[in-house]
Amino acid sequence: MKDPLLTVALAQISPVWLNKTGTLQKIEETIHEAASKKAELIVFGESLLPGYPFWVELTNGAKFNSTVQKEIHAHYAQNAVSIENGDLDTICKLAATYKMAMYIGIIERPIDRGGHSLYASLVYIDPLGEIKSVHRKLQPTYEERLTWSPGDGNGLKVHPLKAFTAGGLNCWENWMPLPRAALYGQGENLHISVWPGSDYNTKDITRFIARESRSYVISVSSLMRKSDFPETTPHLNEILKNAPDVLGNGGSCVAGPDGEWILEPVLHTEGLLIETLDFNRVLQERQNFDPVGHYSRPDVTQLHVNRERQSTVRFDK
């Protein structure tokens with residue numbers, strides 16, 4: 001019988017905004033701290049590495065052919081993550097050293113899509129330090145579409161972790177019923193929900209998904225304050241002119257399989273939030289409702305998922 005207890009760490013931190021090297025260093029320091037607290041899974045927020053594109057809303061991001069938008073976007077791309085070039089290798093080594101699983105939100109610049117466009121991706125690294133899935137956000141939300149590209153279904157995967165089966169989605173993907181169902185159908189009972197930072201997002205959907213799926217739900221958000229914008233940011237004065245003092249207040253939280261709070265949304269606090277989850281509670285709540293088991297009708301409704309990684313070019317051997 002697999003150990004039913006899992007100690008999780010919610011990393012509610014701010015990035016060194018749009019600075020890949022600085023943010024990686026901060027992530028690594030946070031992993032060391034989580035290891036000292038015996039965490040077996042650590043979760044970082046959406047697009048934490050190297051940061052959420054807050055400038056778009058603050059600087060007339062929809063203006064076509066804007067020098068300001070082009071120069072900030074290019075800076076963003078220069079600091080985005082190339083998994084193929086080894087940008088996550090150090091983090092993978094830490095996962096193996098500490099035997100700690102990780103979910104981390106990145107801005108990915110993937111070579112298999114030409115190496116220029118950006119994707120908001122959620123990466124799962126297992127306790128052996130191996131990257132097991134890279135889920136590119138299916139549909140960037142509203143102004144995000146001005147800087148992020150739409151992803152595909154390749155990363156709609158779940159992963160064994162002790163007694164649990166974990167899966168995850170980015171931000172408003174969590175409101176999409178069919179991607180949720182795709183994870184439920186693979187046996188997900190620990191749902192990872194990552195956000196750029198706001199209890200406005202986490203306070204309702206976290207408990208809703210937990211109650212719908214009868215699973216644990218971990219929502220992790222980042223922090224972002226006006227003081228967190230580095231001096232090296234292109235067009236910083238233009239960004240700060242309209243920026244509020246707080247752009248991301250956190251809101252990281254945990255709900256149990258009954259939909260009730262284990263950890264209510266935590267605001268304005270930077271650091272690690274530690275909780276231990278008991279798998280037996282999943283089985284208890286599935287007794288009267290299981291959305292893909294005894295309370296489903298696959299003879300009436302089924303979901304078909306395309307998990308092929310999309311690419312513009314195919315080469316015949």
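# Briefing: sheet, hairpin, salt bridges and a surface patch

W172, W175 and F208 form a nonpolar patch on the surface, and their accessible area together is about 330 Å². The model described here is predicted. The points below cover this patch, an open sheet of six strands, the hairpin of β11 and β12, and several salt bridges, of which the count comes to 21.

**The surface patch**

- W172, one of the residues of the nonpolar patch, sits in the loop that runs between β7 (164-170) and α5 (177-184).
- W172 has a relative accessibility of 41%, so it counts as partly exposed; that class lies between the limits of 20% for buried and 50% for exposed.

**The open sheet**

- Strands of a sheet pair through backbone hydrogen bonds, and the pairing can be parallel or antiparallel.
- Six strands make up an open sheet here, in the order β5-β4-β3-β2-β1-β13, and their pairing is mixed.
- At the edges of this sheet are β5 (131-136) and β13 (271-278), each of which pairs on one side only.
- On average, neighbouring strands of the sheet are turned by 20 degrees against each other, with direction ignored.
- Within the sheet, β1 (residues 5-12) pairs with β2 (residues 41-44) in the parallel sense, over four bridges.
- In this pairing V8 stands opposite L41, which belongs to β2.
- Helix α1 (residues 20-36) packs on the sheet and touches β1, β2, β3 (101-108) and β13.
- The direction of helix α1 makes about 150 degrees with that of β2.

**The hairpin of β11 and β12**

- Strand β11 (residues 246-255) pairs with strand β12 (residues 261-267) in the antiparallel sense, again over four bridges.
- S252 has V266 in β12 as its bridge partner.
- Five residues lie between the two strands of this hairpin, where G259 takes a positive phi near 85 degrees.

**Salt bridges**

- Side chains of opposite charge can pair when their charged atoms come close.
- The side chains of K137 and E144 form a salt bridge, with 2.9 Å from N to O.
- K137 is buried because its relative accessible area is 1%, and E144 is buried because its value is 2%; the limit for this class is under 20%.
- The side chains of E260 and R211 also meet in a salt bridge, at 2.6 Å from N to O.
- This pair links distant parts of the chain, as E260 is in the loop between β11 and β12 while R211 is in helix α6 (residues 199-213), 49 residues apart.
- E260 has a relative accessibility of 37% and so counts as partly exposed; R211, at 38%, counts as partly exposed too.
- R281 and D258 meet through their side chains in a salt bridge of 3.2 Å, N to O.
- Here again distant parts of the chain are linked: R281 is in helix α8 (residues 280-286) and D258 is in the loop between β11 and β12, 23 residues apart.
- R281 counts as partly exposed because its relative accessibility is 27%, and D258 counts as partly exposed with a value of 27%.
- K26, R225, D228 and E270 are joined into one network by salt bridges that share partners.

Notes. Residues numbered from 1 in each chain as written. Predicted model: local features only at pLDDT ≥ 70, side-chain atom pairs only at ≥ 80, totals over all residues. Heavy atoms only, no water. Patch = residues over 30% accessible without salt bridge, like charges linked within 9 Å, V, L, I, M, F, W, Y side chains within 5 Å. Areas by Shrake-Rupley, 256 points an atom, 1.4 Å probe, with all protein chains shown as cover. Salt bridge = Lys/Arg side-chain N within 4 Å of Asp/Glu carboxyl O. Buried < 20%, exposed > 50% of the residue type's maximum accessible area, 1.4 Å probe, protein only. Pairing = 2+ DSSP bridges. Axes fitted to C-alpha atoms, helices over the stretch in contact; angles between N-to-C directions. Contact = heavy atoms within 4.5 Å.
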